[in-house]
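Student: Hi! I have a chain open here and would like to talk it through with you. Can we start with one residue and work outwards?

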Amino acid sequence: MGKNLSFEFEGNKVLGGQRALVTLPIGRFLTGQNFGLPVHVIQGKREGPVLLLTGAVHGDELNGIEIIRRILTNNTLRSLRGTVLAIPVVNVPAFGDRSRYLPDRRDLNRLFPGGEGGSVGGRIARALTESVIPHADVVIDLHTGAVNRPNLPQLRVTRGDQASMDLAKVFAAPATLLAGERDGSFRTECRKAGKPCLLFEGGEAMRLDASSIKYGLRGITRVMRHLGMLPKARGLTKAIETVFCPRSGWERSPSGGLFTPLMALGRAAHVGDTLGFVADVSGGGEQPVISTRNGILIGRTNEGVADEGDALFHIAEAGDPGSAEGQIAEGGEILPETWREVEDVPVPYDPVGDTVV
């Protein structure tokens, strides 16, 4: 993992203790303006590994941008060993449009490894694949949930990737999901290149969530200390363990109607638990949403209406949900707003017993 005290990147030589902003040329917007992929290069005064940080692979995912911004402005980088390559906004066109997807409505995270003569997304993917990933020793890719679908701060790692699993223990997010890879994804490309990759999820699209940002910052700092890129923490630090979950699944709406959740993110779910209910808009009763899994709630929709079959609650399976919930609570950080008990929500009622005046 050791690197020299100067770092060569795309024809730019960054000396120890220096920084540079290098823009990889990508193409042109339809207005004729050239655009590129801005890459921050921070070179330490001593040799060490290269850490790649990426945000906004989906253009509406803001928490990763803020996490990287705070890393770049942190005074601890004065003691950096090795190199940080940081790309706060990977999907430049989508970010400008405040959209998850590229202007052609394609998902950048399905276009890797990309191509030189392809679409704008394919060219961004190619720039990362050929010009950035080869330099990295470790990759941390930062994401959020979709619009109105907040995620508990969590990591996704590829099953069987022991190097990534070891780093996930160091990062210590509340939960770590052993997730399968998707064809054309950035994480798959990193794995093919032999680069350990942690995919961090926290919060939801188009919103800055303070607790998710704090978890991301803490996790990246812990990894950098583990890699020897930053000095060890002074004094004793609290041991924090992530909950490893072998698989996950969604509980779906039993019918269409008005949706009310009754469980917050980070809570334990057991088979048979009522997670929420869906009310008939025509004046009928409610149908409960029942858990079919034992685990931890790691994602949820905040939409107030649901069609039959809509995904409502994302549960990461755990053998002992109660212990897993306690382990998450002992992490010592404030979880997202949805961790708090759900208050002031309508309680399912028996329409036969109600009197309408």
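Student: Which residue of E11 stands opposite Thr176?

Tutor: That is Phe244. Keep in mind that this is a predicted model. E9 and E11 pair in the parallel sense, over three bridges.

Student: And which residue has Thr176 as its bridge partner in E9?

Tutor: Leu155 does. E8 and E9 run parallel too, joined by five bridges. Between these two strands the chain passes through H4, and the β-α-β crossover made this way is right-handed.

Student: How many residues of E9 are buried?

Tutor: Five of its five, so the strand is mostly covered. Ala175, Leu177 and Ala179 are buried on one side, and Thr176 and Leu178 are buried on the other. That split follows a common pattern: in a regular strand, side chains alternate between the two faces of the sheet.

Student: Back to the crossover helix, then. Which residues of H4 are buried?

Tutor: H4 covers residues 162-171, and the buried ones are Ser164, Met165, Leu167, Ala168, Val170 and Phe171. The spacing is worth a thought: an α-helix has 3.6 residues a turn, so residues three or four places apart point the same way.

Student: What do the buried residues of H4 pack against?

Tutor: Their partners are strands E7 (138-143), E8 (151-158), E9 (175-179), E10 (197-203) and E11 (243-245), together with helix H6 (210-226). Right after H4, look at Ala172, which takes a positive phi of about 60 degrees.

Student: Let's switch to aromatics. How many aromatic pairs are there?

Tutor: The count is five aromatic pairs. One of them is Phe171 with Phe200, a tilted pair at 5.6 Å centre to centre with 35 degrees between the planes. Phe171 belongs to helix H4 and Phe200 to strand E10, so the pair links distant parts of the chain, 29 residues apart.

Student: Why does Phe171 count as buried?

Tutor: Because its relative accessibility is 1%, and the cut-off for buried is under 20%. Phe200 also counts as buried, because its value is 1%.

Student: What sort of pair do Phe259 and Phe313 form?

Tutor: An edge-to-face one, with 5.5 Å centre to centre and 70 degrees between the planes. Phe259 sits in strand E13 (residues 257-261) and Phe313 in strand E19 (residues 311-317), so this pair ties together parts 54 residues apart in sequence. Phe259 is buried at 5% relative accessibility, and Phe313 is buried with a relative accessible area of 0%.

Student: Which residue lies over the face of Trp250?

Tutor: Arg149, at 5.2 Å from the ring centre.

Student: New topic: where is Ser185, and what is it in contact with beyond its neighbours within four places in sequence?

Tutor: Ser185 is in the loop between E9 and helix H5 (186-192). Leaving those neighbours aside, its contacts are Asn109, Arg110 and Phe112. Ser185 counts as buried, because its relative accessibility is 6%.

Student: Zooming out, how many helices and strands does the chain have?

Tutor: Seven helices and 19 strands. Buried residues make up 52% of the 357 residues. Among contacts between residues at least 6 apart in sequence, 71% join residues at least 24 apart.

Student: And how does the radius of gyration look against a compact globule?

Tutor: It agrees: the chain has 22 Å, and a compact globule of 357 residues would have a value near 21 Å. Along the principal axes, the C-alpha atoms fill a box of roughly 75 × 55 × 35 Å.

How values were computed:
Residues numbered from 1 in each chain as written. Predicted model: local features only at pLDDT ≥ 70, side-chain atom pairs only at ≥ 80, totals over all residues. Heavy atoms only, no water. Buried < 20%, exposed > 50% of the residue type's maximum accessible area, 1.4 Å probe, protein only. Contact = heavy atoms within 4.5 Å. Pairing = 2+ DSSP bridges. Right-handed = clockwise from strand over helix to strand, strands pointing away. Phe/Tyr/Trp six-rings, centres within 6.5 Å; stacked < 30°, edge-to-face > 60°. Lys NZ or Arg CZ within 6 Å of the ring centre and 35° of its normal. Rg over C-alpha atoms; globule rule 2.2 N^0.38 Å.
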